[in-house]
There are 2 protein chains.
Amino acid sequence: MSPYDPSAFPPFAVTVDLVVLTVRRHALCALVVRRGEPPFQGRWALPGGFVRDDEDLATAAARELVEETGLCAHDPASPAPGNGAHLEQLATYGDPRRDPRMRVVSVAHLVLAPDLPAPRAGGDANGARWASVTDLLGREDPAGRAGEEAEPLAFDHAVILADGVERARSKIEYSSLATAFCPPEFTVGELRRVYEAVWGVALDPRNFHRKVTGTPGFLVPSGGTTTRQGGRPAQLFRAGGATVLNPPMLRPEV
Amino acid sequence: MSPYDPSAFPPFAVTVDLVVLTVRRHALCALVVRRGEPPFQGRWALPGGFVRDDEDLATAAARELVEETGLCAHDPASPAPGNGAHLEQLATYGDPRRDPRMRVVSVAHLVLAPDLPAPRAGGDANGARWASVTDLLGREDPAGRAGEEAEPLAFDHAVILADGVERARSKIEYSSLATAFCPPEFTVGELRRVYEAVWGVALDPRNFHRKVTGTPGFLVPSGGTTTRQGGRPAQLFRAGGATVLNPPMLRPEV
DNA sequence: ACAAAAGTGTTACAATTACACCCATGC
DNA sequence: GCATGGGTGTAATTGTAACACTTTTGT
């Protein structure tokens with residue numbers, strides 16, 4: 001039997017699922033859509049869909065992001081400075097029984113977006129919302145990966161979401177990725193509140209300020225100031241060219 | 001059209017490809033097999049194969065590892081202390097034209113193994129060998145991901161290999177994974193030579209010794225000693241229970 | 001005796017932490 | 001004035017880098 005024989009390998013459906021994270025009202029939130037079809041009809045799920053025949057995986061993820069949420073993604077592999085969100089591949093999930101209909105392998109992607117207005121639903125989803133990840137995953141239990149949630153996510157999406165959150169939490173330690181949660185111009189305090197929300201800890205504002213302003217290439221002053229947080233006017237910054245933080249931002253012990 | 005309709009999504013072949021790394025004679029080496037069939041017949045490639053209908057992705061990777069190399073893998077997700085190698089998912093590659101035969105999505109896995117005897121070939125590969133990654137990838141050019149190699153790998157395997165090497169290089173910084181390159185009992189000097197081979201740098205033996213023996217849970221003395229490296233007898237250690245290194249091992253600037 | 005590798009001590013430096021303290025605005 | 005958040009200064013602590021130096025084997 002030759003490997004050219006299509007009967008030599010089983011056919012799979014391949015999908016992309018999206019873990020879209022943002023920080024809203026001091027909480028890390030994920031985008032979920034209400035499923036309009038069985039299985040898991042009416043349950044919340046991660047946005048996603050089938051990869052098309054001629055499409056790369058990252059392209060499919062960016063397309064689904066636009067279709068289901070209206071967000072515009074920016075793949076860091078293609079360094080065009082689109083004003084879209086950060087997108088990267090997360091992991092692939094292929095348990096034979098993860099979808100009751102058929103054998104589906106899902107390539108999950110992670111998207112980090114600034115705080116945006118309520119998303120619009122699209123495709124076969126009849127609702128979309130930002131939900132706090134602590135609500136979606138329940139109080140994290142250290143043993144398993146998915147905790148007890150009030151309204152469990154469809155499929156294995158709780159595991160995928162937990163993996164995406166963990167990726168985001170660890171990646172902002174040693175990269176400048178936290179700026180992907182901020183608008184184009186932001187203050188040091190706003191960036192600090194991103195770290196605090198993602199990690200769920202309180203950071204010392206003075207030391208944080210010294211750290212981020214003292215790391216070359218992390219932040220570049222844009223010249224302006226703002227008082228939108230109250231208090232003394234704060235300098236506005238844009239994300240600098242640096243992508244790695246060395247030494248890293250240290251996450252305090254829990 | 002319902003999503004149950006099999007014509008609603010294109011069928012994919014799903015494979016696993018393996019980046020199997022080890023340290024031999026002070027060099028980081030990868031396992032490659034000679035392809036016995038077109039396309040790329042006669043060229044070196046990463047071991048791999050189709051995922052079966054009822055198989056999880058990690059299971060398929062472990063099966064291919066045994067079939068093509070005789071190695072026994074140990075998935076860290078199932079903490080049975082098998083004496084096998086470390087196995088973890090790396091990334092998924094799905095460019096529509098990465099395989100000229102058909103649409104193939106490959107879920108690459110990373111395996112870290114101790115220095116083992118020459119592997120045996122199996123399956124449809126008619127040869128297998130350990131090859132230095134610098135030979136396989138050429139002198140790394142910082143711009144692209146795959147350099148000029150003397151004998152290029154089949155498919156996009158140079159990119160996959162480069163990604164696997166980069167994952168290994170960064171992961172031994174902040175985890176105890178370097179011990180996966182060592183036999184069950186090893187000396188501090190042998191562990192240091194692993195770091196030096198993977199990173200391609202020289203480390204101070206004295207500071208390295210203090211660092212690894214001073215990190216709780218990284219190494220546990222096994223009681224014995226050895227002089228297999230010459231010089232004064234060295235204490236033998238086993239890998240401790242710790243999986244993360246905090247603070248991390250610092251990789252010197254190039 | 002000598003080479004080679006293991007292991008310990010010490011000093012200088014880099015970075016983080018935990019503060020005290022001042023600055024500039026809105027109310 | 002006063003609360004609020006922005007920003008700078010400083011001392012104690014932790015960890016690393018760069019050595020000198022001793023220890024224990026094989027030849």
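A polar contact here is a pair of N or O atoms within 3.5 Å. With that in hand, let's walk through this predicted model.

Q: How many helices and how many strands are there in chain A?
A: Let's begin with one chain of this predicted model. Chain A has 254 residues, and buried residues make up 51% of them. Its secondary structure counts are five helices and ten strands.

Q: What share of the contacts in chain A with a separation of 6 or more comes from residues 24 or more positions apart?
A: A contact means heavy atoms within 4.5 Å. Among the chain A contacts with a separation of 6 or more, residues 24 or more positions apart account for 63%.

Q: What is the area buried between chain B and chain A?
A: The contact takes 31 residues from chain B and 31 residues from chain A. Carbon and sulfur atoms give 62% of the buried area. The area itself is about 2700 Å².

Q: How many residue pairs are in polar contact between chain B and chain A?
A: Salt bridges can be set aside, as the rule finds zero of them across this interface. Polar contacts between chain B and chain A, with both residues at pLDDT 80 or more, come to ten residue pairs.

Q: Which element gives the largest share of the side of chain B that touches chain A?
A: Three elements of chain B give two or more residues to this side: β1 (13-24), β6 (85-93) and β7 (104-112). The largest share is four residues, and the element that gives it is β6(B).

Q: How many nonpolar residues does the side of chain B that touches chain A have?
A: Sorting this side by class gives three polar and nine charged residues. The nonpolar residues there number 19.

Q: Which element supplies the largest share of the surface near DNA strand C?
A: In all, 24 residues surround DNA strand C, and the closest are Arg206(A), Asn207(A), Lys211(A), Arg232(A) and Arg206(B). Chain B supplies at least two residues from each of α4 (188-199), α5 (205-214) and β10 (234-239), and chain A does so from α5 (205-214). The largest share, four residues, comes from α5(A).

Q: Which side chain has an N or O atom 2.8 Å from a base nitrogen of DNA strand C?
A: Lys211(A) reaches a phosphate oxygen instead, at 2.7 Å. Arg206(A) does have a side-chain N or O atom by a base nitrogen, but at 3.2 Å. The side chain at 2.8 Å from a base nitrogen belongs to Asn207(A).

Q: How many charged residues are on the surface near DNA strand C?
A: Six residues of this surface are nonpolar and eight are polar. The charged ones number ten.

Q: Which element gives the largest share of the surface near DNA strand D?
A: DNA strand D has 24 residues around it, with Arg206(A), Gly231(A), Arg232(A), Arg206(B) and Lys211(B) coming nearest. Four residues make up the largest share of the surface, and they come from α5(B).

Q: What is the distance from a base nitrogen of DNA strand D to an N or O atom in the side chain of Arg232(A)?
A: Some side chains reach this strand at other distances: Arg192(A) lies 3.4 Å from a phosphate oxygen, and a polar side-chain atom of Arg206(B) lies 3.3 Å from a base nitrogen. For Arg232(A) and a base nitrogen, the distance is 2.7 Å.

Q: What share of the atoms of DNA strand D within 4 Å of the protein belongs to sugar or phosphate?
A: The atoms within 4 Å fall into two groups, with bases making up the rest beside sugar or phosphate. The share of sugar or phosphate is 51%.

Definitions and conventions: Residues are numbered from 1 along each chain as its sequence is written. Chains are lettered from A and ligands numbered from 1 in the order in which they are written. This is a predicted model: local features need pLDDT of at least 70, side-chain atom pairs count only at pLDDT 80 or more; totals for chains, interfaces and linings use all residues. Side-chain values use heavy atoms; hydrogens and water are left out. Buried area is the accessible area (1.4 Å probe) that two parts lose on being put together, summed over both. A salt bridge is a side-chain nitrogen of Lys or Arg within 4 Å of a carboxyl oxygen of Asp or Glu. A polar contact is a pair of N or O atoms within 3.5 Å; within protein, one must be able to donate a hydrogen and the other to accept it, and residues adjacent in sequence count only if both atoms are side-chain atoms. Ala, Val, Leu, Ile, Met, Phe, Trp, Tyr, Cys and Pro count as nonpolar, Asp, Glu, Lys and Arg as charged, and the others, Gly among them, as polar. A residue is near a molecule or strand if one of its heavy atoms lies within 4 Å of it. Buried means under 20% relative accessible area, exposed over 50%, partly exposed in between (1.4 Å probe, protein chains only).
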